[in-house]
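Please walk me through this model in the viewer, one selection at a time. Tell me what to pick and what is found there.

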Amino acid sequence: MSSFRPGRGHNDSRRSVFYTNEEWELLEPSPKDLEESMVQEERKKQIPEGNKGVTGSGFPFDFGRIPYKGKRPLKDMIGSYKNRHSSGDPSAEGPSGSGSTSKLASEMQLQVQNQQEELERLRKDLSSQKELVRLLQQTVRSSQYDKYFTSSRLCEGVPQDTLGLLHQKDDQILGLTSQLERFNQEKESLQHEVRTLKNKVGELSEQLGMLMETIQAKDEVIMKLSRQLSECEGSASSPTSMPSSPVALPTARDQLELDRLKDNLQGYKTQNKFLNKEILELSALRRNAERRERDLMAKYSSLEAKLCQIESKYLILLQEMKTPVCSEEQGPSRDVIAQLLEDALQVESPEHPEQAFVKPHLVSEYDIYGFRTVPEDDEEEKLVAKVRALDLKTLYLTENQEVSTGVKWENYFASTVNREMMCSPELKNLIRAGIPHEHRSKVWKWCVDLHTRKFKDSIKPGYFQTLLQKALEKQNPASKQIELDLLRTLPNNKHYSCPTSEGIQKLRNVLLAFSWRNPDIGYCQGLNRLVAVALLYLEQEDAFWCLVTIVEVFMPRDYYTKTLLGSQVDQRVFRDLMSEKLPRLHAHFEQYKVDYTLITFNWFLVVFVDSVVSDILFKIWDSFLYEGPKVIFRFALALFKYKEEEILKLQDSMSIFKYLRYFTRTILDARKLIGISFGDLNPFPLRQIRNRRTYHLEKVRLELTELEAIREDFLRDRDTSPDKGELVSDEEEDS
């Protein structure tokens with residue numbers, strides 16, 4: 001029986017003989033049907049073995065005893081019956097023809113009724129057989145799981161409470177899987193009903209349009225006839241007209257035609273009212289169907305979120321059972337748990353579609369942005385990534401049950417159909433909540449155009465293509481370093497994972513063009529990641545202007561030069577903000593002498609790329625491209641605020657620094673993080689950040705000037721006092 005389990009055994013026996021991908025309908029066979037099937041089974045045993053087309057079965061309900069019978073139209077059956085009787089003796093027709101005809105008709109109706117009853121009975125038998133197969137499949141799976149987990153070797157190695165807990169988790173997973181299947185069936189039926197209602201509404205709308213056109217044409221005819229009638233009446237009342245004028249006859253005919261058209265118009269109005277009533281009823285039915293569909297989708301999302309939570313806990317439980325704290329011995333149970341853990345860590349792939357019959361896969365290999373969800377190498381990291389992906393999907397499904405952000409964005413775009421997008425508090429709040437995936441390209445392009453309009457107005461069209469052509473014709477000093485960093489940009493993203501990936505050439509073009517626009521910068525490590533993220537939603541030229549926006553508009557000068565002076569100034573500004581906004585945490589870092597700017601420096605340089613999960617990363621970029629660099633300070637403070645209590649519990653510098661290196665990857669709730677960034681922290685305007693930048697920049701320059709003066713004094717003293725200079729070592733001179 002173990003060969004019946006999907007995913008076990010050899011490739012040729014991965015599917016059970018009871019496997020089917022059909023959706024069965026639950027019907028119970030009546031006792032009458034059971035008796036009839038037993039009677040027919042006895043009759044079949046008496047039929048000679050020469051009959052073909054009928055096969056036996058080992059089940060109480062025989063699969064092969066019902067041959068296929070297509071439906072025959074009633075008209076064809078009556079016609080064939082008449083043909084058989086008309087080919088007989090013609091002398092049978094006579095005065096009693098009408099009586100025989102009625103008799104034949106009654107016999108035909110009786111035969112049709114019997115055949116319909118037989119067809120209905122056969123359908124019931126088929127439904128009961130399908131239900132039996134489904135029950136047998138469930139029985140086989142249950143027996144396999146029971147046999148698999150209650151074997152003597154497993155019971156000897158695993159405690160009974162743990163084994164019972166595993167059984168409980170498996171039962172919960174199977175129950176939720178069956179509920180998901182049932183809700184999927186209900187969803188498909190409701191969608192089919194909605195499509196049918198939409199088709200009916202479309203047909204009625206077309207009919208209504210035709211009727212309106214007809215009524216309009218009739219109205220024009222009525223107006224024309226009314227004008228003719230008024231003209232005729234005016235000419236008849238004139239004193240020059242003769243009483244016996246022949247215009248009287250056409251006037252009478254026009255009056256009759258006018259009366260007929262009025263009657264038609266009244267009929268059309270009545271018909272229009274009836275159609276409007278039907279349209280209203282259909283609209284109400286459609287609204288009810290859509291409401292039921294929304295309710296079912298909410299239930300489906302809730303169940304799927306619960307299933308994600310259970311599977312996440314199941315993975316953690318398996319990992320703890322695989323590596324117990326007190327036991328070091330290897331047993332058969334350890335192998336079983338390792339195999340279960342390996343099966344649970346499998347991601348969704350199109351190569352094994354039969355596994356979806358057991359339970360739905362909740363985590364795909366790549367997310368919607370192209371980032372790999374589960375790494376391939378380290379098993380421990382693979383488990384952590386799978387649990388993190390399940391928790392992310394749980395949060396996503398839970399958020400979708402509330403008012404959808406996509407609906408608000410659709411309403412906003414509907415209000416801007418006849419006008420351009422403009423900066424407004426409404427748009428700022430929408431962008432801070434996160435731009436939907438399908439609208440992100442449009443909004444990002446608008447933000448980039450907004451910030452680079454002053455540059456584009458002063459250049460000729462085709463500026464990017466000119467720079468790119470120059471870069472391809474002539475080598476640039478930065479070209480070699482750009483080529484070295486292309487494959488190291490985002491190796492965990494499928495768009496940049498290998499030399500033949502579609503994003504590598506686009507990334508090369510944008511970086512080369514930018515190096516020719518800014519020869520003083522050329523290329524700095526970090527620019528490649530900024531461009532790579534922009535290219536996920538923008539075209540090459542728009543990604544080029546996005547990089548120009550970040551380097552030349554948002555960030556101060558010398559931010560991406562060799563000295564990285566602007567980046568160092570921002571770290572001093574961030575220290576001031578930490579001492580103001582999070583004084584406890586800042587004092588904790590100072591107490592244990594932890595320099596957290598070593599971690600935050602990379603956050604500011606590449607705008608959190610490879611520091612947070614992808615869903616949070618793109619929400620940060622949404623606000624960053626609209627509001628500017630103050631968003632980086634806000635989210636950097638929010639990340640520390642999010643984990644402030646956990647960090648305060650650490651009591652040595654080594655553990656604090658180790659925790660700071662990975663804690664941002666454990667933050668999954670984007671909505672909570674956004675709430676901290678723009679709600680819990682006191683607002684600070686961009687002007688305040690600029691003033692602090694100016695202050696610290698002058699301070700750094702003054703320090704550099706003092707150091708340069710000290711160095712010159714030292715060199716002068718060494719030159720004037722050669723005996724003392726000989727005593728100075730190279731290390732002291734470098735310091």
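The tour starts with the whole chain, then goes through helix pairs, single residues and loops.

**Whole chain**

Begin with everything selected, and keep in mind that this is a predicted model. The protein chain holds 735 residues, of which 38% are buried. Its secondary structure consists of 27 helices and zero strands. About 44400 Å² of the protein chain is exposed, with 53% of that area supplied by carbon and sulfur atoms. Taking contacts between residues at least 6 apart in sequence, 75% join residues at least 24 apart.

Next, colour by confidence. The average pLDDT of the protein chain is 75, and 66% of the residues score at least 70. Select residues 47–75, where the pLDDT is below 50; beyond near neighbours in sequence, this stretch has 38 contacts in the model. Then select residues 347–361, where pLDDT also stays under 50. For residues 347–361 the model has 32 contacts beyond four places in sequence.

**Helices α12 and α14**

Select residues 463–473 for helix α12 and residues 502–517 for helix α14. The two pack at an angle of about 95 degrees, and their axes are 8 Å apart. Angles of 65 to 115 degrees count as roughly perpendicular, so α12 is roughly perpendicular to α14. To see the contact, show the side chains of Tyr-463, Phe-464, Leu-467, Leu-468, Lys-470 and Ala-471 in α12. They meet Asn-509, Val-510, Leu-512, Ala-513, Trp-516 and Arg-517 in α14. Sorted by class, the contact of α12 with α14 comprises nine nonpolar, one polar and two charged residues.

**Helices α17 and α18**

Move on to helix α17, residues 565–581, and helix α18, residues 583–591. Their axes come within 5 Å and cross at roughly 120 degrees, which makes α17 oblique to α18. On the α17 side, the contact is made by Arg-575, Met-578, Ser-579, Glu-580 and Lys-581. On the α18 side, pick Pro-583, Leu-585, His-586, Phe-589 and Glu-590. The contact of α17 with α18 divides into four nonpolar, two polar and four charged residues.

**Loop after α18**

Select Lys-593, in the loop between α18 and α19. Is Lys-593 buried or exposed? Its relative accessible area is 73%, so Lys-593 counts as exposed. Look at the backbone here as well: Lys-593 has a positive phi of about 55 degrees and is not a glycine. Most residues other than glycine have a negative phi.

**Helix α19**

Now select residues 597–606, helix α19. Seven of the 10 residues of α19 are buried, so the helix is largely enclosed by the rest of the structure. The buried ones are Thr-597, Ile-599, Thr-600, Trp-603, Phe-604, Leu-605 and Val-606. To see what they pack against, display α15, α17, α20 (614–627), α21 (630–642) and α23 (653–662).

Zoom in on Thr-597. Its relative accessibility is 11%, so Thr-597 counts as buried. Which residues does Thr-597 touch, not counting those up to four places away in sequence? They are Gln-571 and Arg-575. Arg-575 also takes part in the contact of α17 with α18.

At the other end, α19 is followed by Val-607, whose phi is positive, near 55 degrees. Go on to Asp-610, in the loop between α19 and α20. Asp-610 has a positive phi of about 65 degrees and is not a glycine. With 33% relative accessibility, Asp-610 is partly exposed.

**Leu-536**

Select Leu-536, in the loop between α15 (527–535) and α16 (540–554). Leu-536 is partly exposed, at 22% relative accessibility. Beyond residues up to four places away in sequence, Leu-536 touches Tyr-369, Phe-371, Asn-493, His-495, Tyr-496 and Phe-618. For one of these, His-495, the C-alpha to C-alpha distance to Leu-536 is 8.4 Å, with the two positions 41 residues apart in sequence numbering.

**Lys-428**

Finish at Lys-428 in helix α10, residues 425–433. Lys-428 has a relative accessible area of 30% and is partly exposed. Leaving aside neighbours within four places in sequence, Lys-428 is in contact with Tyr-626 and Glu-627. Add Asp-622 to the selection: its C-alpha atom is separated from that of Lys-428 by 10.0 Å, although the two are 194 residues apart along the chain.

Conventions: Residues numbered from 1 in each chain as written. Predicted model: local features only at pLDDT ≥ 70, side-chain atom pairs only at ≥ 80, totals over all residues. Heavy atoms only, no water. pLDDT = per-residue confidence, 0-100. Contact = heavy atoms within 4.5 Å. Axes fitted to C-alpha atoms, helices over the stretch in contact; angles between N-to-C directions. Helix = DSSP H or I, 4+ residues; strand = E, 2+ residues; numbered from the N terminus. Parallel < 35°, antiparallel > 145°, perpendicular 65-115°, else oblique. Nonpolar A, V, L, I, M, F, W, Y, C, P; charged D, E, K, R; others polar. Buried < 20%, exposed > 50% of the residue type's maximum accessible area, 1.4 Å probe, protein only. Areas by Shrake-Rupley, 256 points an atom, 1.4 Å probe, with all protein chains shown as cover.
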